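Here's a quick tour for anyone still finding their feet with protein structures. Take a look at the sequence and the 3D view, then work through the notes below.

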Protein chains: 2
Amino acid sequence: MQKKLAELKARLAEAEDLGHAAAVLSWDQATYMPPGGAPARGRQMALLSRLAHERATDPAVGRLLDDLQPYAEGLPYDSDDAALIRVARRNFERDTRIPSELVGELNEHSARSYQAWTTARPANDFAAVRPNLEKTLELSRRLADCFPGYSHIADPLIDFADEGMKAETVRALFADLRAQMVPLLRQVLEQPAPDDSCLHQHYPEDGQRAFGERVIARLGYDFNRGRQDKTHHPFMTKFSLGDVRITTRFRPDDLSDGLFSTIHESGHAMYEQGIDPAYDPTPLAHGTSAGVHESQSRLWENVVGRSRGFWQHFYPELQAAFPQQLGGVDQETFYRAINKAMPSVIRTDADQMTYDLHVMIRFDLELAMLEGTLEVADLPEAWKMRYLSDIGVCAGEECDGALQDVHWFAGVIGGAFQGYTLGNIMSAQFYDAALRAVPDIPSQIAAGEFAPLHGWLRENIYRHGAKFTASELVQRVCGDPLSIDPYVAYLRHKFA
Amino acid sequence: MQKKLAELKARLAEAEDLGHAAAVLSWDQATYMPPGGAPARGRQMALLSRLAHERATDPAVGRLLDDLQPYAEGLPYDSDDAALIRVARRNFERDTRIPSELVGELNEHSARSYQAWTTARPANDFAAVRPNLEKTLELSRRLADCFPGYSHIADPLIDFADEGMKAETVRALFADLRAQMVPLLRQVLEQPAPDDSCLHQHYPEDGQRAFGERVIARLGYDFNRGRQDKTHHPFMTKFSLGDVRITTRFRPDDLSDGLFSTIHESGHAMYEQGIDPAYDPTPLAHGTSAGVHESQSRLWENVVGRSRGFWQHFYPELQAAFPQQLGGVDQETFYRAINKAMPSVIRTDADQMTYDLHVMIRFDLELAMLEGTLEVADLPEAWKMRYLSDIGVCAGEECDGALQDVHWFAGVIGGAFQGYTLGNIMSAQFYDAALRAVPDIPSQIAAGEFAPLHGWLRENIYRHGAKFTASELVQRVCGDPLSIDPYVAYLRHKFA
């Protein structure tokens, strides 16, 4: 059995390594690649993804999994070997349904589509990428159709990102959340708006970068196993557990954009950096779902990074870094500025009170496109209508509208967005559990001690990687199933 | 036949793309990768190289080549299809002799060895990398032994880099050259040494980078299809004909190091950028040999970049970029400073009169290690002895001695160095041919017009890629076989 397990691991390692090699090419495309590199890069990434898929779906892997099944059944559920065989089997059963050609086609198309988006977005030119998006929709449908028997065509795509979730369950959860949030938001907006002009002065990029990197190093992001670079649309990516990178962007007239993006991505990265090194390179060495991943980025960005205690510690340092801009701004003014609730058009800039409304719009539009009730050609108009009706703002330009997010232009349509709100919900639920275990966390944060929280997260969430599904993890860590209550209570306490 | 040719191209394209993906990972390792990424990176690059090799040596490729042979024989020698089939067959016959496992092992070892070198070199710690180097030697011998029947064990390794060359031919060529150079060098050194203190002031890195990049853009390096980054040991690398990158390093107290390194690497890159785009991605889309490649880098770096005419054009601009440092230095002083002949310990910093002596030392030491007449453990001492006897300088520290060059620490021992001097020889021979065709080139250079020379090189050398071997190319372009005469005449005219 140990020999078969070793062979399984060796085969899975090749698939992982090919996937990570593709990730290096993709990171380079999004950070440093000159324009002339695009055509070959798409072809190269598609080849690597196809080869990774071929290896992951090799019939020999299936035979090894069959042979190892009795061994796995004799092990405790949470043993590493049992978890590896379980997760590998789940992936194998999923991946063998998708033809390698479709994987290659999807990846090649994504690279081309991403490249087109990087120029179409600043040019406000939706027409230029419409054919790409139509192709993406067709490919997304073909991908979903590899999993017949779904209730909603988006179900398989949602399940890829957030296993166990379906369009129906997400819709119900979002409806509940919306019912609680909208009245709260109305209440918040009735109060006088905080003055956030202090954030919109000139902040030189070098200073923003230096401060942000100092902050995340103190939170626990390990720069020996990572780095930060600039890109169009910030993301975290991993090439091994020893190389987990983040990207960011800076706006000279907006301090919070780059800073909170850096903290956000470092939250994703600390999750991956904290996975048990013994899992690398296996399918266990990944965050377990989009939602859990986002819970970790949003926990650090918002629950911690937009808290009073956090700035009690960091604000003097920030003032020292930007004395001209912030020397005369008191901490409470700054705190209120970074927490200003204000309907707006950009999701990544949205405050905590409106953020989920942005997500829900995208989720509904994805579903409508997949269902065929919304044509790609009508997406820009539908986007604007929903922003007017749901958030009360006019997303006048395409760059702030249907071209805003990278997701549909660098991946599939379906399953791309629900994880953001699932993550917000879980961030509050996990943080509640952390506070029950270590009640001192808030005062530790105010004293600049982040190791206790980081340690609790590593012990309870990070190190497990993909060993437990999101719902198993929530139950195990919090003692309850997924619930919106802690999140709603958190928002109410903070904003009301 | 067209169908078979298309299938051959598709198969070769996969091998090329995998090789180029490995090159992206290697570039990243040498520029941006955090230390924690090293272990997995070595494994990943080894996997990609092994897969590239498996594809290149697939028996189906051999069958296609056999089937296409009659077609190729009916075509003119210089037709693209004939050249593709010819070069693909040569590569296939070479690559099929090397087991894929050895390719993987070599690449994995290289990555580990390179990583160790990056820390051992600044630490002057030869002992730390000695076991790596011994392993490299063993692997190099195993690689050579895949080609039994050689006269000298280095022959197959030299042939990889400079097809058609053998240890014996290179030794003879180098002996002739040395016999002419040494008396000339003695003569040069008897003259009063130029004052090069103007180069050794403080030159901020940003200014060095900006000026160097302006220069190479004017020479013809296309930044839309390339970029420059920082590394330990500068190199050129290519991910497709649309993405040909260079790397450099800067010393704040030495203007010429970074500047001429940038021009040098841009020469390599312009060669690759100038290859017929129709060849991408096939085995024709590469420079044809190490020597020809080096001829293009040395031509731009030295024949052009260290000429009076070049600085007649660029010196006022350089003075404007560094007014404090060079405002009071006249052009002739600067010209003499950048051409100062002076025995020294660092190859890449060496002047044109001593450079080839550095190469010859390395070439002889490689051969001695492969023959077994020199133990790796004795390399540092042997290195010092040769520097004393051949160049008359004491390479006291290991970082300036056996640890100086990256080559043995990131590749094989054997075939790594002869290309540098072959390149110098050819640079003069090609430039002579260019002057015969376009006698105005020197005055065009002095007027800042580089397009005529660049165009001539593209037309006569670059665009052909690997279509012709080095000796075919020299014969075709110059009308003569390889000869040291133009190079010796050039040096004599410039320095005597």
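**A small sheet and some helix pairs**

In chain A, a hairpin takes you from β2(A) to β3(A) by way of two residues. Keep in mind that this is a predicted model. We'll start with the sheet around that hairpin, hop over to chain B, and then look at helices.

**The sheet in chain A**

- Which order do the strands take in the open sheet of chain A? Three strands line up as β1-β3-β2, and their pairing is mixed.
- The edge strands are β1 (228-230) and β2 (236-240) of chain A, and each of them pairs on one side only.
- Going from one strand to the next, the twist averages 30°.
- The "mixed" label is easy to follow on the model: β1(A) and β3(A) run parallel and are joined by three bridges, while β2(A) and strand β3 (residues 243-248) of chain A run antiparallel and are joined by four bridges.
- You can trace single partners too. On the β1(A) to β3(A) side, look for D229(A), which stands opposite T247(A) in β3(A).
- For other partners in β3(A), find T237(A), whose bridge partner is R245(A), and S240(A), which stands opposite D243(A).

**How covered is β3(A)?**

- Is β3(A) buried or exposed? Six of its six residues are buried, so β3(A) is largely enclosed by the rest of the structure.
- The side chains split into two sets: D243(A), R245(A) and T247(A) point one way from β3(A), and V244(A), I246(A) and T248(A) point the other way.
- Both sets are buried, whichever way they point.

**The strands in chain B**

- Now switch to chain B and find strand β3 (residues 243-248), which is mostly covered, with six of its six residues buried.
- From β3(B), D243(B), R245(B) and T247(B) head one way, V244(B), I246(B) and T248(B) head the other way, and all are buried.
- How many bridges join strand β1 (residues 228-230) of chain B to β3(B)? There are three bridges, and these two strands run parallel. One pair to look for is Q228(B) with its bridge partner I246(B) in β3(B).
- Strand β2 (residues 236-240) of chain B runs antiparallel to β3(B), with four bridges joining them. Here K238(B) has V244(B) in β3(B) as its bridge partner.
- β2(B) and β3(B) form a hairpin, with two residues between them.

**Two helices packing in chain A**

- To describe two packed helices, people give the angle between their axes and the distance between the axes.
- Helix α9 (residues 205-219) and helix α10 (residues 255-273) of chain A pack at an angle of about 30°, and their axes are 10 Å apart.
- Angles under 35 degrees count as roughly parallel, and therefore α9(A) and α10(A) are roughly parallel to each other.
- The crossing of α9(A) and α10(A) is right-handed.
- Which residues meet here? From α9(A) come Q208(A), F211(A), G212(A), V215(A), I216(A) and L219(A), and they meet L255(A), G258(A), L259(A), T262(A), I263(A), S266(A) and M270(A) in α10(A).
- Sorted by class, the contact of α9(A) with α10(A) has eight nonpolar, five polar and no charged residues.

**Two helices packing in chain B**

- Helix α8 (residues 167-190) and helix α17 (residues 418-437) of chain B pack at an angle of about 55°, with axes 11 Å apart.
- That angle is why α8(B) and α17(B) are called oblique to each other.
- α8(B) passes α17(B) in a left-handed crossing.
- V170(B), L173(B), F174(B) and L177(B) in α8(B) meet Q418(B), T421(B), L422(B) and I425(B) in α17(B).
- The contact of α8(B) with α17(B) has six nonpolar, two polar and no charged residues.

**A glycine to look up**

- G42(A) is found in helix α2 (residues 38-56) of chain A.
- With a relative accessible area of 5%, G42(A) is buried, because buried means under 20%.
- Leaving out residues up to four places away in sequence, G42(A) touches E108(A) and A111(A).
- The C-alpha atoms of G42(A) and E105(A) are separated by 9.9 Å, and these two residues are 63 residues apart along the chain.

Methods. Residues are numbered from 1 along each chain as its sequence is written. Chains are lettered from A and ligands numbered from 1 in the order in which they are written. This is a predicted model: local features need pLDDT of at least 70, side-chain atom pairs count only at pLDDT 80 or more; totals for chains, interfaces and linings use all residues. Side-chain values use heavy atoms; hydrogens and water are left out. Two strands pair if DSSP finds at least two bridges between them. Axes are lines fitted to C-alpha atoms, for helices over the stretch in contact, and angles run from 0 to 180 degrees between N-to-C directions. Angles under 35 degrees count as roughly parallel, over 145 as roughly antiparallel, 65 to 115 as roughly perpendicular and the rest as oblique. A crossing is left-handed if the near helix is turned anticlockwise from the far one by less than a right angle, and right-handed if clockwise. Contact means heavy atoms within 4.5 Å. Ala, Val, Leu, Ile, Met, Phe, Trp, Tyr, Cys and Pro count as nonpolar, Asp, Glu, Lys and Arg as charged, and the others, Gly among them, as polar. Buried means under 20% relative accessible area, exposed over 50%, partly exposed in between (1.4 Å probe, protein chains only).
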